[in-house]
Amino acid sequence: MTAEQDQADFASFTAIMRKYAGIRELTPTIVNEFVKKIIVHAPDKSSGHPRQKIELVWNFIEEVNIPGGDQTVERQRKGRTA
């Protein structure tokens, strides 16, 4: 990727950020402007608990790493009571 493309992508990203500053509700339109695609991997049950990796591929930016934590989301089922 060229420096010019990086600058154009950054400008587009910041324009979208300004457009949605202070939003109170996340809509499909807003998500579609930020997210290029969502990759849902097959569930992994090897630990005894179902875990499923979900990747977000963002528009205009390469990769986002959140420091200091595992980005895995674990869904737990609550047992039904009669």
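## Contacts around I30

Contact here means heavy atoms within 4.5 Å. By that yardstick, and leaving aside residues up to four places away in sequence, I30 touches Y20, I23 and E25. Keep in mind that we're looking at a predicted model.

One of those partners, Y20, turns up again alongside I30 in the core described next.

## The nonpolar core

So who sits in the largest nonpolar core? Which six residues make it up? They are F13, I16, Y20, I30, F34 and V35. Helix 1 (3-19) gives at least two residues to this core, and helix 2 (28-34) also gives at least two. As background, nonpolar side chains in soluble globular proteins tend to be buried together.

Burial can be checked for some of the members by name. Y20 has 14% relative accessibility and F34 has 15%. Both values fall under the 20% cut-off, so Y20 and F34 count as buried. F13 is buried too.

## Aromatic pairs

There are two aromatic pairs in the structure. Take F13 and F34 to begin with: their ring centres are 6.2 Å apart and their planes meet at 85 degrees. Edge-to-face needs an angle over 60 degrees, so the F13 and F34 pair gets that label. In sequence terms this pair links distant parts of the chain, with F13 in helix 1 and F34 in helix 2, 21 residues apart.

The other pair is Y20 with F34, at 6.1 Å centre to centre and 55 degrees between the planes, which makes for a tilted arrangement. Y20 lies in the loop between helix 1 and helix 2, while F34 belongs to helix 2, so this pair ties together parts that are 14 residues apart in sequence. Put the ring pairs together and F13, Y20 and F34 are linked into a cluster. These three residues also appear in the list of core members.

## A nonpolar patch on the surface

Now for the outside. What makes up the nonpolar surface patch? The residues are I38, V40, I54 and L56, and the patch comes to about 360 Å². Two strands feed into the patch: strand 1 (35-40) supplies at least two of its residues, and strand 2 (54-58) likewise supplies at least two.

L56 is a handy one to look at up close. This leucine has its place in strand 2. Is L56 buried or partly exposed? Its relative accessibility is 42%, and partly exposed is the class between 20% and 50%, so L56 counts as partly exposed.

Methods: Residues numbered from 1 in each chain as written. Predicted model: local features only at pLDDT ≥ 70, side-chain atom pairs only at ≥ 80, totals over all residues. Heavy atoms only, no water. Patch = residues over 30% accessible without salt bridge, like charges linked within 9 Å, V, L, I, M, F, W, Y side chains within 5 Å. Areas by Shrake-Rupley, 256 points an atom, 1.4 Å probe, with all protein chains shown as cover. Salt bridge = Lys/Arg side-chain N within 4 Å of Asp/Glu carboxyl O. Helix = DSSP H or I, 4+ residues; strand = E, 2+ residues; numbered from the N terminus. Buried < 20%, exposed > 50% of the residue type's maximum accessible area, 1.4 Å probe, protein only. Core = buried A, V, L, I, M, F, W, Y, C linked by side-chain atoms within 4.5 Å. Phe/Tyr/Trp six-rings, centres within 6.5 Å; stacked < 30°, edge-to-face > 60°.
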